[in-house]
Amino acid sequence: MKLPGEEEAGGGGVGPSLIYMVIGVSAFVLIVLFAVFKGNDNKRGGSEYLQQVQEQKEEEVKQEELAAAEEAEAKPKLRAEDLDFWDMYPEETEEEAAQEEADKAAATTGNPYTEKAEREKEADRQKEEEQLNDPATDGKHTLVTNRDGSEEWVLISPYLTKNTFDFTKMEDKAGMKRYMENGRKTSYVGVDISKHTGKVNFSSLKAAGVDYVMIRLGSRGYSTGQITLDENFKENIEGAIEAQLDVGIYFYSQAISQDEAVQEANFVAQNLEPYRAHIKYPVAFNMGFVSNDKSRIEGLSREDKTAVSISFLDAVGASGYVPMVYGDKEWLLKEVDLTKLQDYDVWLSQEEEIPDYPYRYAMWQYNTDGVLNGIDGGADLNICFVSYSER
């Protein structure tokens, strides 16, 4: 049985409804907290996953870059000429170069000073080019007149000894040339004679100032090939010796072999033997073509004529005389090989006021129609630069 007031007191206690409500709220809170914690865990896990993915991508990029660098290092280096863009600039054609020059010229048009300077510059350039290409002025050629009258520029050999004469020191006296040094005559006056000269007054030659005579001893026929003694040889050599003139000899050759050349030299030595002591000047080898006819030596090559010359000269030297080779400019420069004749003195024949023969020579025949006391008609005048009589 309830006492009065127990029902109200009972109503102030904790009833099941309240408990259920607290439990529900607590469960809800727990659920919310669990959800929050779970979300944070998921979020944290996602970030780690993304970070791993990012790091993996970065690693892959690094590996690709490293591989690309190694591949580039292995490839050959690229050079400037390997680049395609050089083809954008084609080589300049002649027409384009001409147009460029024309444009330059046009740019100066209207300025008289510039135009004049350009014209002068171009003229100087052309003149310089012409001089370099002109054999007459290049200093490397000499002009030869051939026997048919044609002219030819011949290259001057750098291997042959050049003459060093200073022709400002040359003077004429009574039609005879003399070479003067320090006011003193250092040359010798000579004439060459043969049966064609006629009768010679050697005393008159001596009085006229002649120092020596070159006498033809003999010749070989240019068609027959027969060796003959000059008709006036004996008279000429004895007259020269009596007049106390120095004597030299020459022989006109038409030898077509070395054996014939030696035969000619022996003929000379044999006929000179009685006069050996009086032969002060050289014994000269005179080979040449004939005018208006065909000679025996026409068929000889340059090498053949050189070999024949050497055979004669060596045989003369072996006989105790001074050998000498005679010739005009054409013969010496074109018909024989002077590089093989350097051991012999040269007797040059060139009728000029100043000879332009470029190489060394000892004697010069400068006039074949001179006027000289002791010779009727034209005299062959010579000058010698070597004192053979004092050797």
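A residue is taken as exposed when its relative accessible area is over 50% and as buried when that area is under 20%, with partly exposed residues in between. In this predicted model, Ala174 has a relative accessibility of 67% and therefore counts as exposed. Ala174 belongs to the loop that runs between strand S3 (170–173) and strand S4 (176–181), and its phi is positive, at about 55°, although the residue is not a glycine. A positive phi of about 55° is likewise found at Asn182, again a residue that is not a glycine. Asn182 is placed in the loop between S4 and strand S5 (184–185), and because its relative accessibility is 87%, it too counts as exposed.

Between these two loop residues lies a salt-bridged position, Arg178, whose side chain meets that of Glu171 at a distance of 2.6 Å, N to O. The partners fall into separate accessibility classes: Arg178 is buried, with a relative accessible area of 18%, whereas Glu171, at 32% relative accessibility, counts as partly exposed. This contact belongs to a total of 18 salt bridges held by the structure.

A further salt bridge joins the side chains of Glu260 and Arg296, with an N to O distance of 3.0 Å. Glu260 lies in helix H7 (residues 258–272) and Arg296 in the loop between strand S10 (279–287) and helix H8 (302–318), so that the pair ties together parts of the chain that are 36 residues apart in sequence. Glu260 has a relative accessibility of 16% and so counts as buried, while Arg296 is partly exposed, its relative accessible area being 23%. The side chains of Arg302 and Asp337 also meet in a salt bridge, here at 3.9 Å, N to O. Distant parts of the chain are again linked by this pair, since Arg302 is in helix H8 and Asp337 in the loop between helix H9 (329–335) and S12, 35 residues apart. Of these two residues, Arg302 counts as partly exposed, at 33% relative accessibility, and Asp337 counts as buried, at 16%. Through salt bridges that share partners, Glu260 and Arg296 are joined with Arg220 and Glu264 into one network.

Charged residues also gather elsewhere on the surface, where Glu59, Glu60, Glu64 and Glu65 form a patch of negative charge. Within this patch, Glu59 is found in helix H2 (residues 16–74), and its relative accessibility of 40% places it among the partly exposed residues.

Turning to the aromatic side chains, a pair of rings is described by the distance of the centres and the angle of the planes. When rings are paired if their centres lie within 6.5 Å, the count comes to 19 aromatic pairs. One of them is formed by Phe165 and Phe167, whose ring centres are 6.1 Å apart and whose planes stand at 70°; because an angle over 60 degrees is the criterion for an edge-to-face arrangement, the pair is assigned to that class. Phe165 is partly exposed, with a relative accessible area of 22%, whereas Phe167 counts as buried at 17% relative accessibility. Tyr361 and Phe385 make another edge-to-face pair, with 6.1 Å from centre to centre and 75° between the planes. This second pair links distant parts of the chain, with Tyr361 in the loop between strand S12 (345–349) and strand S13 (363–370) and Phe385 in the segment after strand S14 (379–384), 24 residues apart. Both of these residues, Tyr361 and Phe385, are buried.

The two pairs are part of a cluster in which ring pairs link Phe165, Phe167, Tyr179, Tyr357, Tyr359, Tyr361, Trp364, Tyr366 and Phe385. One member of this cluster, Tyr359, can also be placed relative to Leu348: the two residues are 11 residues apart along the chain, and their C-alpha atoms are separated by 10.0 Å. Leu348 is found in strand S12, and with a relative accessibility of 0% it counts as buried.

How values were computed
Residues are numbered from 1 along each chain as its sequence is written. This is a predicted model: local features need pLDDT of at least 70, side-chain atom pairs count only at pLDDT 80 or more; totals for chains, interfaces and linings use all residues. Side-chain values use heavy atoms; hydrogens and water are left out. Patches are made of residues with over 30% relative accessible area and no salt bridge: like charges are joined within 9 Å, nonpolar side chains (Val, Leu, Ile, Met, Phe, Trp, Tyr) within 5 Å. Accessible areas come from the Shrake-Rupley method with a 1.4 Å probe; for residues, only the protein chains shown count as cover. A salt bridge is a side-chain nitrogen of Lys or Arg within 4 Å of a carboxyl oxygen of Asp or Glu. Lys and Arg count as positive and Asp and Glu as negative; His and the chain ends are not counted. The place of a charge is taken as NZ of Lys, CZ of Arg, CG of Asp or CD of Glu. Helices (H or I, at least four residues) and strands (E, at least two) are DSSP runs, numbered from the N terminus. Buried means under 20% relative accessible area, exposed over 50%, partly exposed in between (1.4 Å probe, protein chains only). Rings of Phe, Tyr and Trp (its six-membered ring) pair if their centres lie within 6.5 Å; planes under 30 degrees apart count as stacked, over 60 as edge-to-face and the rest as tilted.
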